[in-house]
Amino acid sequence: MAHTHRSRPGWPLTLLYIGFPVWWALGLAQLMFFVAAAAMAVILVRRREPLRVPHGFALWALFLVWVLLGMVVLRAHAPDTLPGFGMARVAGFVIRAGWYAAATVVMLYVVNTAREVTTQRIVRLLAYMFVVTTCFGVVASVAPQLEFSSPAELLLPHGIAKANFVSTLVHPTLASTSEFLGYEQPRPTAPFPYSNAWGNNLALFLPFFVLAWCGRDAGWRRHVAPFVLLAAVVPITFSLNRGLWIALAVAAAYAAFRLAANGRRRALQVLVAAVLVGGTAFMASPLYDTVTLRVETPHSNERRASTAETVVAVTAEGSPIVGYGSTRTMQGSFSSLAGGETDSCHQCAAPPLGTQGFMWRLVLTTGFIGTLLCLAFLGVQFVRRARGPSPLDVATCSALLVAVLCFFVYDSLGSALFTVCIAVGLMARADAEEAIR
């Protein structure tokens, strides 16, 4: 492994991302994040050098301690939730702790391998993932019914492979279907497990795609980039992800503000022109009708709002300091203790508390203190680079802004948080370069 590390710097990230379509087809996509993180951890240990950490890392380290404190309250009963304790709750806690650990490792790996793995290389890997996610989205729009059994699925015991959570991870599907517009509408999912995860990841990859494929040193990529962005419009629309739409709009506005503040008039003019021309063409296309209908069909607004309010109330009443370490199931529905799911109304049951948004997972599982620690750490990174003049500063700050917006509606604990921590690592690199100068 040491020889591989010396001859091919950054191979864990390259293996993870370049091979991602293959990992998806094998049913191993989510597992490979942990494999890559384990390899990066070994590389960091073998360096035998003091680890450099981002500014404010003590906040993140304390947040991780707060996550681990959740073990103490896993058995605790939260108000207005179903009693009981089992291995499923423990397994959920272990998986979530594993994602936090993997995200931390990749953050430290990016910070500490600046000499071996160039920033350009990492940015281009994330940009490549935008292209991959877009291509899968386009194919899903054309052939949404395509699915197949993966090797991982075939090797697992039948009962485990068919369990809903496991099946979602190991059974490759291009799209999921929703009916809240009044008709069946396929929504792209691949190469991620869920449609919301598809939108969350696409939004986070976009700033790095623009940086790598539209910059001065992009070469041939500059000529292809407009076509990739144009192709992305179709699956973005059919995803019906309002959170994605809002995040992209905010990111575009923020990027325009930063470009203007940095005096990059040419780039600002290109951005404004692209938005105006693209917006006009979009409004004249059939895709506009889909967006309009989606906006006029709120669907999940009330459920999301009720879930968030309940999470805050339950945490404040029972365990405001450390939370409950895991999600909980409500008694009944939001309207009645006797309510719940029926054959004719699957939406009548309240979703598990701690879902419907990473922010509410933070609150329920780590309490208000843990939530503040996590957000404070990300806030420190954003503020430190918010005035940075480089295009990398604009891209990484845009990614963090998108991430926090998505926290309110998407469960970002997974590949999305992995990308966020890569962005933090790149920010720390920029801090280190400024300190040297």
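**A walk through a predicted helical model**

R384 and D431 form a salt bridge in which the closest N and O atoms are 3.1 Å apart. This pair ties together distant parts of the chain, since R384 sits in helix α17 while D431 belongs to helix α19 (residues 415-436), 47 residues apart. The two partners have different surroundings: R384 is partly exposed, with a relative accessible area of 40%, whereas D431 is buried at 7% relative accessibility. Please keep in mind as you look around that this is a predicted model.

Let us stay with these two helices for a moment. Helix α17 covers residues 358-385, and R385 is found in it. How buried or exposed is R385? With a relative accessible area of 3%, R385 falls under the 20% cut-off, so R385 counts as buried. Setting aside residues up to four places away in sequence, R385 touches R258, D393, C397, M427, A430, D431 and E434. You have already met D431 in this list, as the salt-bridge partner of R384.

Now step back and take in the whole protein. It has 19 helices and two strands. Of its 437 residues, 49% count as buried. The accessible surface comes to about 20400 Å², and carbon and sulfur atoms make up 67% of that surface. Another helpful number concerns how the chain meets itself: among contacts with a separation of 6 or more, 78% are between residues 24 or more positions apart.

What lies inside? In soluble globular proteins, nonpolar side chains tend to be buried together. In this model, the largest nonpolar core has 108 residues. Which of them touch the most other members? They are L13, Y17, F209, L244, F418 and I422. Take F418 as your guide to this core. Leaving out its neighbours within four places in sequence, F418 is in contact with L13, L16, Y17, F33, M40, A102, A103 and V106. Two names in that list, L13 and Y17, also appear among the core residues that touch the most other members.

Another inside view comes from T134, found in helix α7, which covers residues 119-142. T134 counts as buried because its relative accessibility is 3%. Which residues does T134 contact, leaving aside its neighbours within four places in sequence? They are L202, V228, A231, A232 and P235. You can also compare T134 with I236: these residues are 102 apart in sequence, yet their C-alpha atoms are 8.5 Å apart in space.

Let us return to charged side chains. How many salt bridges does the structure hold? There are eight. A good one to find next joins the side chains of E49 and R47, at 3.1 Å from N to O. E49 is partly exposed at 38% relative accessibility, while R47 is buried at 14%. E49 also meets the side chain of R115 in a salt bridge, at 3.5 Å from N to O. This second pair links distant parts of the chain, 66 residues apart: E49 is in the loop between α4 (29-47) and α5 (57-69), and R115 is in the loop between α6 (87-112) and α7. With a relative accessible area of 62%, R115 is exposed. Through shared partners, salt bridges join R47, E49, R115 and E116 into one network.

Finally, look at some details of the backbone. Where in the model is there a cis peptide bond? The bond from A190 to P191 is cis, with omega near 5°. P191 lies in the loop between β2 (185-188) and α11 (195-214).

Two other residues are worth a visit for their phi angles. D80 has a positive phi of about 65° although it is not a glycine. D80 lies in the loop between α5 and α6, and its relative accessibility of 48% makes it partly exposed. Q356 also has a positive phi of about 65° without being a glycine. You will find Q356 in the loop between α16 (301-318) and α17. Q356 is partly exposed as well, with a relative accessible area of 23%. From there, α17 leads you back to where the tour began, with R384 in that helix and D431 in helix α19.

How values were computed. Residues are numbered from 1 along each chain as its sequence is written. This is a predicted model: local features need pLDDT of at least 70, side-chain atom pairs count only at pLDDT 80 or more; totals for chains, interfaces and linings use all residues. Side-chain values use heavy atoms; hydrogens and water are left out. A nonpolar core is a set of buried Ala, Val, Leu, Ile, Met, Phe, Trp, Tyr and Cys residues joined through side-chain atoms within 4.5 Å. Buried means under 20% relative accessible area, exposed over 50%, partly exposed in between (1.4 Å probe, protein chains only). Contact means heavy atoms within 4.5 Å. Helices (H or I, at least four residues) and strands (E, at least two) are DSSP runs, numbered from the N terminus. A salt bridge is a side-chain nitrogen of Lys or Arg within 4 Å of a carboxyl oxygen of Asp or Glu. Accessible areas come from the Shrake-Rupley method with a 1.4 Å probe; for residues, only the protein chains shown count as cover.
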